[in-house]
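Here is a short, friendly tour to read alongside the structure. Keep the viewer open and follow the residues as they come up.

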Amino acid sequence: FHVYILEDGEETFGFCSLVFIDSETIELHDLFIEPSQIGKGYGKRLWHHALNIGRQLGFRTLVLTADPNAESFYAHQGAVRIGEKTSSVRPERKLPIMEYCLKE
């Protein structure tokens, strides 16, 4: 489990975490931006950081379970919806499962 924090001095803008699934797949477990910082490019910055880490470590695929409200962000970054799962907190809520190819 690896956590990366985006900060400037004493101010934290967000974080992401990565989990190694198997020899070819890494999971973006979390990507969180402080609500007051959304829309300033920090999410994209953390996304690219996660992709670069995955590539540097030799993974082929990055997978993630998105908040439904963030699905369009990940789709805009090139991730593709490959399924969905039921939220463990709210059973009526479906969470998109998405995938991004790190290597061609």
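## A word on exposure

Before we start, one cut-off is worth having to hand: a residue is buried when its relative accessible area is under 20%, exposed when that area is over 50%, and partly exposed in between. With a relative accessibility of 35%, F32 therefore counts as partly exposed. Please bear in mind that this is a predicted model.

## F32 and the nonpolar patch

F32 is a good place to begin looking. This residue sits in strand β3, and F32 belongs to a nonpolar surface patch together with F1, V3, I5 and F15. The accessible area of these residues together is about 490 Å².

F32 also leads us to the next feature, as F32 is among the residues that lie nearest the centre of the largest pocket.

## The largest pocket

What is the volume of the largest pocket? The value is about 730 Å³. Its lining is made of 29 residues, and those nearest the centre are L31, F32, D67, A70 and Y74. Two or more lining residues come from each of these elements: β3 (25-33), α1 (42-56), β4 (61-65) and α2 (71-76). Strand β3 provides the largest share, with 7 residues.

Sorted by class, the lining holds 14 nonpolar residues, 8 polar residues and 7 charged residues. D67, one of the residues nearest the centre of the pocket, returns below as a salt-bridge partner.

## Salt bridges between loops

Side chains of opposite charge can pair when their charged atoms come close. How many salt bridges does a search of the whole structure find? There are 5, and a few of them are worth a visit.

Take E24 and R60 to begin with: their side chains meet in a salt bridge at 3.8 Å, N to O. E24 is in the loop between β2 (11-20) and β3, while R60 is in the loop between α1 and β4, so this pair ties together parts that are 36 residues apart in sequence. Both partners fall in the middle band of accessibility: E24 is partly exposed at 42%, and R60 is partly exposed at 37%.

D67 and R93 form another salt bridge, with their side chains meeting at 3.2 Å, N to O. Here D67 lies in the loop between β4 and α2 and R93 in the loop between β5 (80-86) and β6 (94-101), so the pair ties together parts that are 26 residues apart in sequence. D67 is partly exposed, with a relative accessibility of 34%. R93 also counts as partly exposed, with a value of 22%.

## A salt-bridge network

Now look at R81 and E84, whose side chains meet in a salt bridge at 2.6 Å, N to O. E84 has a relative accessible area of 44% and is partly exposed, and R81 is partly exposed at 37%. Which residues are linked in a network of salt bridges? R81 and E84 are joined there by E71.

## Strand β4 and its neighbours in space

Strand β4 offers two residues to compare with their partners elsewhere in the sequence. T61 lies in this strand and is buried, with a relative accessibility of 18%. T61 and E99 are 38 residues apart in sequence, and their C-alpha atoms are 6.9 Å apart in space.

V63 is in strand β4 too. Is V63 buried or exposed? V63 is buried, at 18% relative accessible area. V63 and T25 are separated by 38 residues in sequence and by 7.2 Å in space, C-alpha to C-alpha.

## Two phenylalanines of strand β2

Strand β2 holds F13 and F20. F13 is buried, as its relative accessibility is 8%, whereas F20 is partly exposed at 41%.

Each of them can also be paired with a residue further along the chain. F13 and I82 are 69 residues apart in sequence, with 29 Å between their C-alpha atoms. For F20 and T86, the separation is 66 residues in sequence and 22 Å in space, C-alpha to C-alpha.

Key. Residues are numbered from 1 along each chain as its sequence is written. This is a predicted model: local features need pLDDT of at least 70, side-chain atom pairs count only at pLDDT 80 or more; totals for chains, interfaces and linings use all residues. Side-chain values use heavy atoms; hydrogens and water are left out. On a 1 Å grid over the protein atoms alone, a cavity is a set of points where a 1.4 Å probe fits but cannot get out, and a pocket is an open set with protein on both sides within 12 Å along at least five of seven lines; lining residues have an atom within 4 Å of a point. Grid points are joined across faces, edges and corners, and a volume is the space filled by probe spheres set on the points. Helices (H or I, at least four residues) and strands (E, at least two) are DSSP runs, numbered from the N terminus. Ala, Val, Leu, Ile, Met, Phe, Trp, Tyr, Cys and Pro count as nonpolar, Asp, Glu, Lys and Arg as charged, and the others, Gly among them, as polar. A salt bridge is a side-chain nitrogen of Lys or Arg within 4 Å of a carboxyl oxygen of Asp or Glu. Buried means under 20% relative accessible area, exposed over 50%, partly exposed in between (1.4 Å probe, protein chains only). Patches are made of residues with over 30% relative accessible area and no salt bridge: like charges are joined within 9 Å, nonpolar side chains (Val, Leu, Ile, Met, Phe, Trp, Tyr) within 5 Å. Accessible areas come from the Shrake-Rupley method with a 1.4 Å probe; for residues, only the protein chains shown count as cover.
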